[in-house]
Structures are given as structure tokens and as C-alpha cells.
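I sat down with this one to jot a few things into the notebook. Sequence and structure go in here before the notes start.

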Amino acid sequence: MKPVIVVHGGAGRIFKEREEGCRAGVVRAALRGYRVLRQGGAAVDAVEEAVRSMEDDPHFNAGCGSVLNEKGEVEMDAIIMDGKNLDSGAVSAVKCIANPVKLARLVMEKTKHMLLTDHGAHLFAQTMGIPEVPGEKLITERSRERWKKNLEPDSNPEEFQKDLGTVGAVAIDSEGNVACATSTGGLSNKLIGRVGDTACIGSGGYADNHSGAASTTGHGESIMKVVLARLILYHMEQGMSPEIAADTALDYMKTRVGGLGGVIVVNKAGEWAARFSTKQMSWATVEDDNLHYGIYAGEKHTKSVDEALASEREGLLE
Ligand SMILES: CC(C)C[C@H](NC(=O)C[C@H](N)C(=O)O)C(=O)O
């Protein structure tokens with residue numbers, strides 16, 4: 001089986017000044033994930049690696065760079081799923097942790113449970129020896145400015161949720177195992193304790209070797225209503241290609257509940273898609289040692305992996 005990885009860095013509007021950083025961030029994440037696959041690593045390791053890379057990148061709404069809740073704090077959701085045995089792990093409303101996807105992985109592997117939240121997730125992180133980072137370290141200038149602006153009485157709620165940057169990855173490894181991972185700071189100025197689609201199995205992501213894997217981004221409440229990731233897999237089980245399955249599910253979400261979003265998908269044959277009903281979504285994929293990436297509908301750049309790795313080594317992706 002030829003390994004493939006696809007990553008996204010969030011749907012919605014991406015402001016011009018953030019475009020380059022987003023392109024570089026998704027490309028770097030896809031290359032890091034692909035490196036794991038090329039060395040014979042498992043799909044679940046590759047998606048974790050790719051998502052961690054974007055959690056550490058302040059351009060994205062996950063880990064460092066997460067948007068703030070109504071009280072000006074970071075509260076993050078993350079999920080990871082292994083399509084081999086349908087094992088998954090998730091965390092919701094976690095604070096003061098650099099890599100929520102890593103904690104989700106530990107929930108999957110070290111507990112009998114699938115989702116830990118808030119205080120309990122923290123106690124578990126401590127038990128696992130995950131260092132606590134000061135909340136301030138996850139807050140960027142940009143996210144604080146946004147939060148403040150949104151509090152102004154004449155702020156436009158339409159503008160609230162533009163240019164965020166939830167992250168996710170799907171992969172198939174050389175043994176034909178699929179996996180997905182998704183991580184987010186959620187929606188800007190959300191209520192304390194609000195948990196979105198990302199932590200919810202079937203909504204923020206789903207992976208099953210029998211059909212494929214999907215990771216989603218977009219308006220979480222709409223994604224949860226249609227259980228978007230699982231819906232895409234259902235369409236693939238009925239014979240649709242990843243692209244048609246993604247478009248059909250996104251279209252349903254739009255017409256049925258008025259929700260917009262984006263998805264990345266891989267099927268059990270290694271065919272993939274990156275589709276969105278929003279104006280933009282940053283995405284990147286590596287297959288056959290070729291890198292593809294884009295942000296706008298119809299935009300698709302191609303480079304060889306060796307060329308892309310050389311640019312990264314020279315710091316051209318910074
Ligand atoms: C508003 C949308 C289009 C922006 C998108 N947000 C999410 O994916 C949020 C996540 N699904 C949730 O609801 O918690 C982003 O961050 O790029």
C-alpha cells in the first residue's frame with residue numbers, strides 16, 4: 001500500500017496576511033507526517049505528528065494560537081482515532097497543555113475510556129507526566145486582540161469566526177491502516193465549557209479501515225447535527241469516491257442546517273480529497289513522494305517531496 005497523508009489548517013475566511021504562514025504550516029505538517037509513514041510508521045503516529053506540528057504553530061487555532069473563550073482563556077478540544085480497531089481518544093475543554101492531541105492519544109492508549117474533560121483531563125495529564133504550561137504561553141497577540149474586539153458592543157458577530165485555523169490530519173499507512181486526528185481552540189468568545197464537534201467521535205473525525213478516515217473543520221454545532229465525519233464514511237461505504245462523499249455531506253450540512261465547513265478524507269484505496277463549502281481552507285497532502293497544497297477553491301500547487309524538504313531545511317517555509 002502506498003502511504004498517503006492529508007492535513008487541513010481550518011476552513012473559513014483566511015486573511016491575506018495569514019495566507020503564507022498557513023500554507024507553510026500545512027506543508028510542514030504534511031511533510032512531518034509523511035516522514036513517519038515513509039519510515040514504515042503507523043497512520044496513527046503520522047496524524048499525531050502532523051497535528052502536533054500545527055498545534056505548536058501560532059498561526060493556527062489549536063495549541064498555541066487557540067482562540068479565547070468569553071473569559072479570555074484558552075479551552076481546547078482534540079480527538080485521535082485508529083481505523084484498525086476503532087479505538088479513539090479525546091479531550092475537551094483542556095487548558096494549559098501544549099499538545100491536546102498527545103493527551104487524546106494517551107486517553108486512547110492508557111485508559112478504558114474515550115473522552116476526558118476539563119478537570120479530569122488535567123488530573124490525567126498530571127498522572128501521565130505531561131508538563132503544565134502557563135495559560136499565557138498559548139495566547140498570542142492576535143488571539144487576545146480578537147477577543148477584545150469581539151467584546152466591543154458594536155462588534156459584528158459575523159466577523160467573530162473568520163480566520164481561525166482548526167487543524168486536522170488523515171492518513172493511510174503502508175499496511176493499509178487509516179487514522180484521523182483533529183485539534184482546536186473552538187470558536188472565538190465561546191461560552192465557558194462549550195465543547196464542539198472536534199472532541200466528539202464521528203463529528204470532528206472518524207477512522208475505519210473498512211472505508212477510510214475523515215477530519216472536519218467548520219461550525220461545530222452544525223457538524224455535530226449531521227455527524228459530518230461519519231456521514232462521509234457512510235457515503236463511501238455506499239460506493240462514493242472521497243471527493244463526491246465529501247461534497248455530498250458538506251452540501252447536506254449546508255442545506256439541512258445552514259452550516260459551512262471543510263473536510264479532508266482518505267479512503268481504504270488511498271484516494272483522497274480536501275473539500276470545503278467555506279470560501280477557503282488551507283490543506284496539504286503527500287502521496288507518491290509528491291506534495292500538493294492550496295487554500296482557495298481550485299488552487300493546487302505541486303512539488304516533489306525532496307524539493308519541499310530542501311526548502312524547509314533552508315528555512316524557506318518559515
Ligand atoms: C467557523 C469555522 C469555519 C472556522 C474553523 N472553526 C472550527 O473548525 C471550530 C471547531 N469545529 C469547533 O466548532 O469547535 C477554524 O478554526 O478554522
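What follows is my run of entries, topic by topic.

**Confidence.** I'm working from a predicted model. I checked the scores before anything else: the protein averages a pLDDT of 94, and 97% of the residues score at least 70. For the complex, the predictor gives an ipTM of 0.98 and a pTM of 0.96.

**T166.** I looked up the annotation, and an unreviewed UniProt entry puts "active site" on T166. In the model I found T166 in the loop between α6 (157-160) and β5 (167-172). Is T166 buried or exposed? Its relative accessibility is 10%, and since buried means under 20%, T166 counts as buried. I then pulled its contacts, skipping residues up to four places away in sequence: T166 touches H8, G9, G10, N61, T182, S183, T184, T216 and T217.

**S282.** I went to strand β11 (residues 280-287) and picked out S282. At 0% relative accessibility, S282 is buried. With the same skip of up to four places in sequence, I get contacts from S282 to V7, H8, G9, G10, I14, C22, V26, F60, G294 and I295. I noted that H8, G9 and G10 are on the T166 list and on the S282 list too.

**Salt bridges.** How many salt bridges does a search of the whole structure find? I got 19.

- I found D288 and K2 joined by their side chains at 3.6 Å, N to O. D288 is in the loop between β11 and β12 (290-296) and K2 in the segment before β1 (4-12), so this bridge ties together parts 286 residues apart in sequence. D288 is partly exposed, at 44% relative accessibility.
- I found R52 and E48 paired at 3.0 Å, N to O. They sit 4 residues apart in helix α2 (residues 43-55), which means about one helical turn separates them. R52 is partly exposed at 28%, whereas E48 is buried at 7%.
- I found D247 bridged to R275, with the closest N and O atoms 2.8 Å apart. D247 is in helix α9 (residues 242-257) and R275 in strand β10 (residues 272-276), so the pair links parts 28 residues apart in sequence. Both come out partly exposed, D247 at 29% and R275 at 27%.
- I also logged a network: salt bridges with shared partners join K16, E19, E20, R23 and E299.

**Surface patch.** I looked for nonpolar surface and noted a patch of M114, L115 and I201, together about 250 Å² of accessible area. L115 belongs to strand β4 (residues 115-117) and is partly exposed at 43% relative accessibility.

Key. Residues numbered from 1 in each chain as written. Predicted model: local features only at pLDDT ≥ 70, side-chain atom pairs only at ≥ 80, totals over all residues. Heavy atoms only, no water. UniProt positions renumbered as here; feature names shortened; annotations may be inferred. Helix = DSSP H or I, 4+ residues; strand = E, 2+ residues; numbered from the N terminus. Buried < 20%, exposed > 50% of the residue type's maximum accessible area, 1.4 Å probe, protein only. Contact = heavy atoms within 4.5 Å. pLDDT = per-residue confidence, 0-100. Patch = residues over 30% accessible without salt bridge, like charges linked within 9 Å, V, L, I, M, F, W, Y side chains within 5 Å. Areas by Shrake-Rupley, 256 points an atom, 1.4 Å probe, with all protein chains shown as cover. Salt bridge = Lys/Arg side-chain N within 4 Å of Asp/Glu carboxyl O.
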